[in-house]
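Subject: Structure for you to look at

Hi there,

Here is the structure I promised to pass on. Please open it in your viewer and keep it beside this note as you read.

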Amino acid sequence: MALTLYVDTARWRAHHKHVQEQFPGLVPVCKGNGYGFGHERLAEEATRLGSDILAIGTTYEAARIKDWFSGDLLVLTPFRRGEEPVPLPDRVIRSVSSVDGVYGLVGARVVIEVMSSMKRHGVSEQDLPQLHAAIENVRLEGFALHLPLDRTDGSDAVEEVIGWMDRLRAARLPLHTMFVSHLKAAELVRLQQQFPQTRFRARIGTRLWLGDHEATEYRGAVLDVTRVSKGDRFGYRQQKAASDGFLVVVAGGTSHGVGLEAPKALHGVMPRAKGVARAGLATVNRNLAPFVWGGKQRWFAEPPHMQVSILFVPADAPEPQVGEELVAHLRHTTTQFDRIVDR
């Protein structure tokens, strides 16, 4: 009995090809938990797409993925002096976000990140003149610009890239390749038309692997079902059942990522109101589970355990049977499945 990720493989791969057609020369991103699929699986899919380069998060990930992907590996986390050395092959390209970082990578292949409106990391405009001497001792693969997802100020992503292209050109720095993130296909076309001598390569992860929501589905197997009456005590904390119903033990607990939730940026009155309502219910131990049964998302009977969750299903709902599977609405980037099934 397992928490299973089901993949409509033909549909999933068709989506990959569609994205690849929209973004010629795209750089697939495989970082973290491999967007829920695992590093090995995404390395295989990137190879299937014919990708010559795969972007990964850290040097530690590069050390693991190097045996699964034969092309270049672009480490997205910027190099810092004093970091733990990790043995890596020459086909690994390091991101750098400071002039000092470039000096610290003599002989290495590097991509230089410049500071975008994200304000996360990157070389500033003021530091560009110092790059001339610094890049003489590295193998420069290009520059990179990581853009924000939302632009609440109404600014234009293309104009931000153009601004940096103009600054780099004015600083007489090589512009043969620019790696970009979070651009639309039409925006990439505009840039390529305006700068035909530069190759723009879009680094894409979420849109590539998770863009078709109907291609994948998590399901947790029912392990046990116990009928309870109102007032019966149950669980680790011996809480009382609020009404008659069923305690349903389903595969999927904290070790799988069930119950984990990243902070969300809420916009508008209704989303904020829902957030306040959820917080209020949590204070009285009412937490909505990601599992669906009988057409409704069910409540945790108590906080999820390490490998299973216990749900409360009221008596007026159909009784789940051991061996049946419950659809689970889980976030791919925080979920670890027991098995993956292609269908």
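Below is what I found in it, starting with the whole chain and moving on to its domains.

First, a word of caution: this is a predicted model. The protein has 343 residues, and 47% of them count as buried. Its C-alpha atoms fill a box of roughly 75 × 45 × 40 Å along the principal axes. In secondary structure, you will find 9 helices and 18 strands. If you look at contacts with a separation of 6 or more, 66% of them join residues 24 or more positions apart.

On the surface side, the accessible area comes to about 17400 Å², with 52% of it belonging to carbon and sulfur atoms. As for charges, there are 42 positive and 39 negative ones, and the mean positions of the two sets are 3 Å apart.

Now the domains. The domain assignment splits the protein into domain 1, residues 7-210, and domain 2, residues 216-342. Where they touch, 9 residues of domain 1 and 10 residues of domain 2 take part in the contact. The centres of domain 1 and domain 2, taken over C-alpha atoms, are separated by 38 Å.

There is also a database record to go with this. UniProt, in an unreviewed entry, lists residues 8-153 as "domain: Alanine racemase N-terminal". In the model, that span is 29% helix and 19% strand, and its end C-alpha atoms lie 39 Å apart.

Happy to talk it through whenever suits you.

Best wishes

Methods
Residues are numbered from 1 along each chain as its sequence is written. This is a predicted model: local features need pLDDT of at least 70, side-chain atom pairs count only at pLDDT 80 or more; totals for chains, interfaces and linings use all residues. Side-chain values use heavy atoms; hydrogens and water are left out. UniProt positions are given in the numbering used here, feature names are shortened, and annotations may be inferred rather than shown by experiment. Helices (H or I, at least four residues) and strands (E, at least two) are DSSP runs, numbered from the N terminus. Buried means under 20% relative accessible area, exposed over 50%, partly exposed in between (1.4 Å probe, protein chains only). Contact means heavy atoms within 4.5 Å. Accessible areas come from the Shrake-Rupley method with a 1.4 Å probe; for residues, only the protein chains shown count as cover. Lys and Arg count as positive and Asp and Glu as negative; His and the chain ends are not counted. The place of a charge is taken as NZ of Lys, CZ of Arg, CG of Asp or CD of Glu. Domain bounds come from an automatic or database domain assignment.
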